[in-house]
Amino acid sequence: MQPLTVFSMFDGISCGRIALERAGIPVKQYFTSEIDNYASAISRYNWNTTELGDITKINFNDLPKLSVIFCGAPCQDLSLAGYQKGFAKGTRSSLFFKLIECLENQEKRFGVKPKFLVEQVKMKKENLKIMEDLLGVKGVMINLSLIQIGRCRRNTLRRSRWTT
C-alpha cells in the first residue's frame, strides 16, 4: 500500500493517526488543523506532523494532493443535546463547510476528491441532509457502546461517513 497524505481537520490528539498506525496503514505526511495547544502538544510528542493551525486561516492551495481527510468539526450547534443552531453563519458547527471548501479545492486542482471520514453527533434530520447532500454520501450510524476503546466503553452514538 502506498503511504497516505492525510489532512486531519479539528485534529485533537491525532486519533486518526492512531487508527491508521494500528491498522498498519503507512502515512507519508500528516497535516493537522487544531487550535487547542495542549492537544497539539500531545500530537507533536507522538508524531512528526505538519501543523497548520486555525482552520479559518488555512489556504487550501498550499496543501499537496491528499489521500484522506479526517473531519470532526465542532458539534455544539448540531447536537440534539446542544444548542441546535444548525449551520448558521458564525456558529462553531458552520466550520464543517471548511471540509467542503477543501474537497472542492482538491478536486479543482487535482481532478479528484480525496477519501474522507466525517465524525459527527446525532442531529436534526435537516442538518444531516445538508451534510449528506454536500458530501454526496449517506451517513452511517455507529453505536460506539459496542466497540471497546481501551478499557472503557462509550455510550454515545456517532455519525461517521466514509466514501471511496
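**Exercise 1. Is Ser-14 buried or exposed, and what is its relative accessible area?**

Solution. Start with the area: Ser-14 has a relative accessible area of 0%, so this residue is buried. Here buried means under 20% relative accessible area and exposed over 50%, with partly exposed in between (1.4 Å probe, protein chains only). Next, place the residue: Ser-14 sits in the loop between β1 and α1. Helices (H or I, at least four residues) and strands (E, at least two) are DSSP runs, numbered from the N terminus.

Before we go on, a note on the model: it is predicted, local features need pLDDT of at least 70, side-chain atom pairs count only at pLDDT 80 or more, and totals for chains, interfaces and linings use all residues. Residues are numbered from 1 along each chain as its sequence is written, and side-chain values use heavy atoms, with hydrogens and water left out.

**Exercise 2. Find what the phi of Ser-14 is, then that of Phe-10.**

Solution. Most residues other than glycine have a negative phi. Ser-14 has a positive value, near 65°. Phe-10, in the loop between β1 and α1 (15-22), has a positive phi of about 55° although it is not a glycine.

**Exercise 3. Describe the surroundings of Glu-34, a residue in the loop between β2 (27-33) and α2 (37-46).**

Solution. First, look for a charge partner. Glu-34 is buried yet has no salt bridge (a side-chain nitrogen of Lys or Arg within 4 Å of a carboxyl oxygen of Asp or Glu). Arg-44, the nearest side chain of opposite charge, is 10 Å away. Second, check the backbone: a polar atom of the Glu-34 side chain lies 2.9 Å from the backbone nitrogen of Asp-36. Third, list contacts (heavy atoms within 4.5 Å). Beyond its neighbours within four places in sequence, Glu-34 is in contact with residues including Phe-10, Asp-11 and Gly-53.

**Exercise 4. Which residues of strand β2's Thr-32 environment can you find?**

Solution. Thr-32 counts as buried, at 4% relative accessibility. Leaving aside its neighbours within four places in sequence, its contacts include Phe-7, Ser-14 and Glu-51.

**Exercise 5. Which residues of α4 are buried?**

Solution. They are Asn-127, Leu-128, Met-131, Glu-132 and Leu-135. These cover an arc of only 135° around the axis, which puts them on the same side of α4; the arc is that of the directions from the helix axis to the C-beta atoms. The face turned away from this buried side carries the exposed residues Lys-125 and Asp-133. After α4 comes Gly-136, with a positive phi near 75°.

Conventions
Lys and Arg count as positive and Asp and Glu as negative; His and the chain ends are not counted. A polar contact is a pair of N or O atoms within 3.5 Å; within protein, one must be able to donate a hydrogen and the other to accept it, and residues adjacent in sequence count only if both atoms are side-chain atoms.
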